[in-house]
Amino acid sequence: MKLAEYLKKHNLTHEEFAEKIQVSRPLVTRLLNKTRNPSAHLMKLIEDVTDGEVTMQDLFNPDPPSRLKSKQKKKTEKP
């Protein structure tokens with residue numbers, strides 16, 4: 001299950017979920033927007049807190065965060 005689906009199913013705000021996993025609300029928002037990848041430790045913590053409803057695999061995003069995509073694009077573009 002995706003994290004956004006979990007929050008909706010359990011009627012949790014970003015702030016409430018952030019408190020449960022002891023991180024900031026902006027970090028939860030970044031995870032949901034896929035602009036930040038969680039550490040392995042945080043993925044495991046989320047999996048535990050959600051009783052396995054959100055798995056590490058659900059959280060893993062193989063694409064680099066969007067902030068890095070523009071840097072990669074600049075490297076490949078040559079004048």
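**Exercise 1. How many aromatic pairs does the count come to?**

Start with the tally: in this predicted model, the count comes to one aromatic pair.

Step 1. Let's identify the partners. The rings belong to Tyr6 and Phe17, and their centres are 6.1 Å apart. Rings count as a pair if their centres lie within 6.5 Å.

Step 2. Now the geometry. The ring planes of Tyr6 and Phe17 stand at 65°, so this pair is edge-to-face; the label applies to planes over 60 degrees apart.

Step 3. Place the pair in the chain. Tyr6 belongs to helix 1 and Phe17 to helix 2, so the pair ties together parts that are eleven residues apart in sequence.

Step 4. Check the surroundings: Tyr6 and Phe17 are both buried.

**Exercise 2. Work out which residues of helix 2 are buried and where on the helix they lie**.

Step 1. The buried residues in helix 2 are Phe17, Ala18 and Ile21.

Step 2. Look down the axis of helix 2: its buried residues fall within an arc of 105°, so they line one face of the helix.

Step 3. Find what that face meets. The buried residues of helix 2 pack against helix 1, helix 3 and helix 4.

Step 4. Finish at the end of the helix: just after helix 2, Gln22 takes a positive phi of about 60°.

**Exercise 3. Describe how helix 2 and helix 3 are arranged, and sort the residues of their contact**.

Step 1. Choose what to look for. Two packed helices are described by the angle between their axes and the distance between the axes.

Step 2. Apply this here. The axes of helix 2 (residues 14-21) and helix 3 (residues 25-33) cross at roughly 105° and come within 8 Å. That crossing makes the two helices, 2 and 3, roughly perpendicular.

Step 3. List the contact. From helix 2 come His14, Glu15, Phe17, Ala18 and Ile21, and they meet Arg25, Val28, Thr29 and Leu32 of helix 3.

Step 4. Sort by character: the contact residues divide into five nonpolar, two polar and two charged.

**Exercise 4. Find the buried residues of helix 4 and the helices they pack against**.

Step 1. In helix 4 (residues 40-49), Leu42, Met43, Ile46 and Glu47 are the buried residues.

Step 2. Around the axis they cover an arc of only 140°, which puts them on the same side of helix 4.

Step 3. The buried residues of helix 4 pack against helix 1 (3-9), helix 2, helix 3 and helix 5 (56-59).

Step 4. One last stop: Asp51, just after helix 4, takes a positive phi of about 55°.

Methods
Residues are numbered from 1 along each chain as its sequence is written. This is a predicted model: local features need pLDDT of at least 70, side-chain atom pairs count only at pLDDT 80 or more; totals for chains, interfaces and linings use all residues. Side-chain values use heavy atoms; hydrogens and water are left out. Axes are lines fitted to C-alpha atoms, for helices over the stretch in contact, and angles run from 0 to 180 degrees between N-to-C directions. Helices (H or I, at least four residues) and strands (E, at least two) are DSSP runs, numbered from the N terminus. Angles under 35 degrees count as roughly parallel, over 145 as roughly antiparallel, 65 to 115 as roughly perpendicular and the rest as oblique. Contact means heavy atoms within 4.5 Å. Ala, Val, Leu, Ile, Met, Phe, Trp, Tyr, Cys and Pro count as nonpolar, Asp, Glu, Lys and Arg as charged, and the others, Gly among them, as polar. Buried means under 20% relative accessible area, exposed over 50%, partly exposed in between (1.4 Å probe, protein chains only). The arc is that of the directions from the helix axis to the C-beta atoms. Rings of Phe, Tyr and Trp (its six-membered ring) pair if their centres lie within 6.5 Å; planes under 30 degrees apart count as stacked, over 60 as edge-to-face and the rest as tilted.
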